[in-house]
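Here's a quick tour for anyone opening this structure for the first time. Keep the 3D view handy and click along as you read.

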Amino acid sequence: MLIKDAPHRGVLFVFLGEARKDMKKFIPFLFAMCTLVTFLSCASTKISADETSPVAIISIVGNQNVPWIEENPAQPQDTNSEPEAEGIMTGFVNKVLYSKDPELLTAVDRLDYAFDSAGQILPEMTGFTVLEKDKVLKSETYRNLRPSYFNTLAATENASGFKDLTTIGAKNARILMSECGAKSILILSFTFQKKLLKGTRSNGQLVGEATMKAKLLDSRGREVINKVFRTNTTEKIKISGDQYDKDILIQSLNGCTDDLMRSFCIHLISLGE
C-alpha cells in the first residue's frame, strides 16, 4: 500500500532509521552470544570412563611398507594431518619388487602390535577397558558390515581379522556397540615412514616416523575425538653403502606405536578433566 501522506512517510522513515540503528547495535551482541554458546558446548564435551568404557576397537589400518619421507623445504610438513598414502598401483609394484623386504613383510605385524599396545596402555593410563578382539570381530553386526571405500585406492593393510572401517556411520556404530556391550568405538589409522636425519641415503643416519589418526565415537555414534598424533624413533640408525639394519627400524617403530598410544591416552585424560 502506498503512503501518500507526507507526514506519515516521515514518521515511517524515522522508525526504519531507528530500527536500523538498533539492529546494528544488536548484531555484535548476537555474534558474541553465538560465540559464547559454541565455546561452552565445546568446553562441556567431557569424556569419562563410566560413559566411554568398555571400548571396542573396530579398525586398525596402516600403509604396506616404510617409505622415505620426501623433504620439501618450500612446503613444511603439516603435523596436524596424515601423510598421503601410496597409491594402490605403487603398492602392487612394491609387493612384486620387494616381496622379501622385512619392512613390507611386517606390515600386518605392526598393526597387530598396535592392537596389543592399545589393549595394554589404555587400561593402564585411563582405566578404560578394551573389549576382546574376538568379541567384536565375531559379532554378527561386524561380520555384516561392509569395508569402507575410503582407502580403496591406497596401498593399505589391516590388522589380522579386522576390516577397514575407517568410516562406519552413527547408526551402524550404535548397533555394533549394543551387540558387543561397548560404550565407545575406536578407529586407528597408521602411517609408518623413515626420515633421513644426516648425510645421504647412501651414507648417513635415519630415524623412523610414525603417525596415528585416532577417531573415538561415543555411545551415540558421535565423533568426539578425531586427532592425528606423530612421533619419531629415538634410535638413530646408521646407513652405510645404501644398507641399514631394517630389523632395528621395525622394532623402533613398535616403540613409536607405544608412544603414540600414550599420547592418545594423555589427550583422552585431558578431555575428562
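The protein chain folds into nine helices and six strands. Keep in mind that this is a predicted model. Out of 273 residues in the chain, 40% count as buried.

**The chain as a whole**

- Take the contacts in the protein chain with a separation of 6 or more: 74% of them come from residues 24 or more positions apart.
- The accessible surface of the protein chain adds up to about 16,100 Å². Carbon and sulfur atoms account for 57% of that surface.

**Helix α8 and its two sides**

- Which residues of helix α8 are buried? In this helix, which spans residues 170-180, they are Ala173, Leu176, Met177 and Cys180.
- Look down the axis of α8 and you'll see these buried residues fall within an arc of 100°, so they line one face of the helix.
- It helps to know that an α-helix has 3.6 residues a turn, so residues three or four places apart point the same way.
- What covers the buried residues of α8 includes the strands β1, β3 and β4, along with the helices α6 (133-137) and α7 (140-144).
- Turn to the face of α8 that points away from its buried side, and you'll find the exposed residues Lys171 and Ser178.
- Right after α8 comes glycine 181, with a positive phi near 80°.

**Salt bridges**

- Some background first: side chains of opposite charge can pair when their charged atoms come close.
- How many salt bridges are there? The count comes to eight.
- One of them pairs the side chains of glutamate 70 and arginine 201, with N to O at 3.3 Å. This pair ties together distant parts of the chain, since its two residues sit 131 residues apart.
- Glutamate 70 belongs to the loop between β1 (55-63) and α3 (88-97), while arginine 201 belongs to the loop between β3 (184-199) and β4 (203-217).
- Is glutamate 70 buried or exposed? Its relative accessibility is 60%, so it counts as exposed because the cut-off for that is over 50%. Arginine 201, at 35%, counts as partly exposed.
- Lysine 138 and aspartate 134 form another salt bridge, and their closest N and O atoms are 3.9 Å apart. Lysine 138 is exposed, with a relative accessible area of 60%, whereas aspartate 134 is partly exposed at 43%.
- Arginine 262 and aspartate 259 also form a salt bridge, with 3.0 Å between the closest N and O atoms. Both sit in helix α9 (residues 246-270), and because they are three residues apart there, about one helical turn separates them.
- Arginine 262 is partly exposed at 36% relative accessibility, and aspartate 259 is partly exposed too, with a relative accessible area of 30%.
- Elsewhere, Lys195, Glu209 and Arg230 are joined into one network by salt bridges that share partners.

**Threonine 211, a buried spot in β4**

- Where does threonine 211 lie? You'll find this residue in strand β4.
- Threonine 211 has a relative accessibility of 1%, so it counts as buried.
- The side chain of threonine 211 makes a polar contact of 3.3 Å with the side chain of arginine 230. Arginine 230 is also one of the residues in the salt-bridge network with Lys195 and Glu209.

Methods. Residues are numbered from 1 along each chain as its sequence is written. This is a predicted model: local features need pLDDT of at least 70, side-chain atom pairs count only at pLDDT 80 or more; totals for chains, interfaces and linings use all residues. Side-chain values use heavy atoms; hydrogens and water are left out. A salt bridge is a side-chain nitrogen of Lys or Arg within 4 Å of a carboxyl oxygen of Asp or Glu. Helices (H or I, at least four residues) and strands (E, at least two) are DSSP runs, numbered from the N terminus. Buried means under 20% relative accessible area, exposed over 50%, partly exposed in between (1.4 Å probe, protein chains only). The arc is that of the directions from the helix axis to the C-beta atoms. Contact means heavy atoms within 4.5 Å. A polar contact is a pair of N or O atoms within 3.5 Å; within protein, one must be able to donate a hydrogen and the other to accept it, and residues adjacent in sequence count only if both atoms are side-chain atoms. Accessible areas come from the Shrake-Rupley method with a 1.4 Å probe; for residues, only the protein chains shown count as cover.
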